Every structure is written in structure tokens, then in C-alpha cells.
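Please open the model in your viewer and keep the sequence panel beside it, since each stop below begins with a selection and then says what is found there.

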Amino acid sequence: MRCGHRFTALAALALAGCYGNVSIGVGDDDEPPSVSLAVSPASAPAGAVVRLVAAASDDFGIDRVEFFRVDGALSTRLAIDGSAPYQLDTTLPGGAVSTVQYFARAVDDVGQSRDSDLVTVSIAP
């Protein structure tokens with residue numbers, strides 16, 4: 001174990017009593033998390049509830065998954081989920097026409113992040 005990692009591990013153990021949650025890895029966390037997103041149903045009327053389910057993994061640990069709705073050129077964060085299973089039930093906007101798109105962002109325990117591909121819900125008449 002390199003000296004820097006030993007110090008980090010000892011400091012983390014000492015702080016565990018104060019904060020209650022510690023994640024310890026060995027080595028450098030050089031890989032951002034991976035994340036995918038699914039939606040059900042894939043077609044629904046405006047105002048209906050859809051479920052977003054994200055699968056996220058990382059070489060050291062996932063801190064949280066954030067769920068976003070794409071609103072034109074902007075993204076609106078809908079929720080943050082800090083524990084698996086990462087999911088969100090959300091209502092399609094009442095004025096939505098054609099499609100609504102969503103994505104998930106996984107953030108690992110050192111702050112690296114990655115966004116999922118977009119998923120699309122078709123707005124049914």
C-alpha cells in the first residue's frame with residue numbers, strides 16, 4: 001500500500017464515526033462511471049406517469065444518479081437518487097407534443113460523471 005493510500009484509509013476510518021458513511025478504494029479512480037437508462041412505457045399521453053430506471057456502475061462506487069428531462073436546449077434536473085435501484089416515476093408535461101426525452105447522469109464517489117444516452121417517450125393522442 002502506498003503511503004498516500006494508507007493515510008487516506010486511516011483518515012477515512014477516523015471520520016467514519018462522525019459521518020457514518022465511508023467508501024474506501026485502493027488505487028486511483030481513473031474511470032468515470034457507466035450508466036444506461038430505460039423508460040416504461042415508451043408511449044403515453046401527456047400528463048401520464050412514466051418510470052425511469054437507470055443502471056449505473058463504477059470501479060470504486062456510485063455516489064448518486066441524477067435524472068433529467070430535456071427541454072429544448074436546456075436540461076431540467078428532476079431528481080437525485082443516492083441508492084440502487086436508481087429509479088424515478090415522473091409525470092409527462094401536460095403540454096407535451098410529439099416526444100419527451102430524458103437522460104441520467106451517474107456520479108461516482110470522487111465526482112466523476114457520465115451521462116446516459118437519451119431515452120424518448122412518444123406522446124400518444
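A residue is called buried here when its relative accessible area is under 20%. With that cut-off in hand, select strand 7, residues 99-108, in this predicted model: the strand is mostly covered, with seven of its 10 residues buried.

**The whole chain and its confidence**

Before going further into strand 7, zoom out and colour the chain by pLDDT, which averages 84, with 77% of the residues scoring at least 70. Now select residues 1-24, where pLDDT stays under 50 and for which the model has 14 contacts beyond four places in sequence. Where pLDDT is low, the predicted coordinates should not be read in detail.

Switching to a cartoon view, you can count one helix and nine strands, and following the chain along its sequence gives the pattern α-β-β-β-β-β-β-β-β-β. The chain has 125 residues, of which 30% count as buried. If you turn on the surface, about 7,300 Å² is exposed, and carbon and sulfur atoms supply 53% of that area. Among the contacts with a separation of 6 or more, 60% are made by residues 24 or more positions apart.

**Strand 7 and its partners**

Return to strand 7 and add its partners one after another, beginning with strand 4, residues 62-71. Strand 4 and strand 7 are antiparallel and are joined over eight bridges, and a useful place to look is Phe 67, whose bridge partner in strand 7 is Ala 104.

Next, select strand 9, residues 119-124, which pairs with strand 7 in the antiparallel sense over four bridges; here Val 100 has Val 121 of strand 9 as its bridge partner. Then select strand 8, residues 113-115, which also pairs with strand 7 in the antiparallel sense, over three bridges, and where Arg 114 stands opposite Ala 106. Strand 7 and strand 8 form a hairpin with four residues between the strands, and in this hairpin Gly 111 takes a positive phi near 95 degrees.

**Glu 66 in strand 4**

Which residues touch Glu 66, if its neighbours within four places in sequence are left aside? Select Glu 66 in strand 4 and display its surroundings: the contacts are Arg 77, Ala 79, Ile 80, Phe 103, Ala 104, Arg 105 and Val 107. Glu 66 has a relative accessible area of 5%, and therefore counts as buried. Show the side chains as well, and you will find that those of Glu 66 and Arg 64 are joined by a polar contact of 2.8 Å.

**Asp 58 in the loop before strand 4**

Step back along the sequence to Asp 58, in the loop between strand 3 and strand 4. Is this residue buried or exposed? Asp 58 has a relative accessibility of 18%, so it counts as buried, the cut-off being under 20%. Its side chain reaches two backbone nitrogens, that of Phe 60 at 3.0 Å and that of Gly 61 at 3.1 Å. If you also select Asp 109, you will see two residues that are 51 residues apart in sequence, with 9.0 Å between the C-alpha of Asp 58 and that of Asp 109.

**The three-stranded sheet**

For the next stop, select strands 1, 3 and 6, which make an open sheet of three strands in the order 1-3-6, with antiparallel pairing. Strand 1 (34-40) and strand 6 (86-91) stand at the edges with a single partner strand each, so each has one side without a neighbour in the sheet. Looking across the sheet, the twist averages 20 degrees from one strand to the next. Strands of a sheet pair through backbone hydrogen bonds, either parallel or antiparallel.

To inspect one of these pairings, keep strand 1 and strand 3 (residues 49-57) on display; they run antiparallel and are joined by seven bridges, and Ser 36 stands opposite Ala 55 in strand 3.

**Thr 90 in strand 6**

The last selection is Thr 90, placed in strand 6. Although strand 6 stands at an edge of the sheet, Thr 90 itself is buried, with a relative accessible area of 10%. Beyond its neighbours within four places in sequence, Thr 90 is in contact with Ala 48, Val 49, Val 50, Leu 52, Leu 78 and Tyr 102.

Terms used
Residues numbered from 1 in each chain as written. Predicted model: local features only at pLDDT ≥ 70, side-chain atom pairs only at ≥ 80, totals over all residues. Heavy atoms only, no water. Helix = DSSP H or I, 4+ residues; strand = E, 2+ residues; numbered from the N terminus. Buried < 20%, exposed > 50% of the residue type's maximum accessible area, 1.4 Å probe, protein only. Polar contact = N/O pair within 3.5 Å; in protein donor to acceptor, adjacent residues only side chain to side chain. Contact = heavy atoms within 4.5 Å. Areas by Shrake-Rupley, 256 points an atom, 1.4 Å probe, with all protein chains shown as cover. Pairing = 2+ DSSP bridges. Axes fitted to C-alpha atoms, helices over the stretch in contact; angles between N-to-C directions. pLDDT = per-residue confidence, 0-100.
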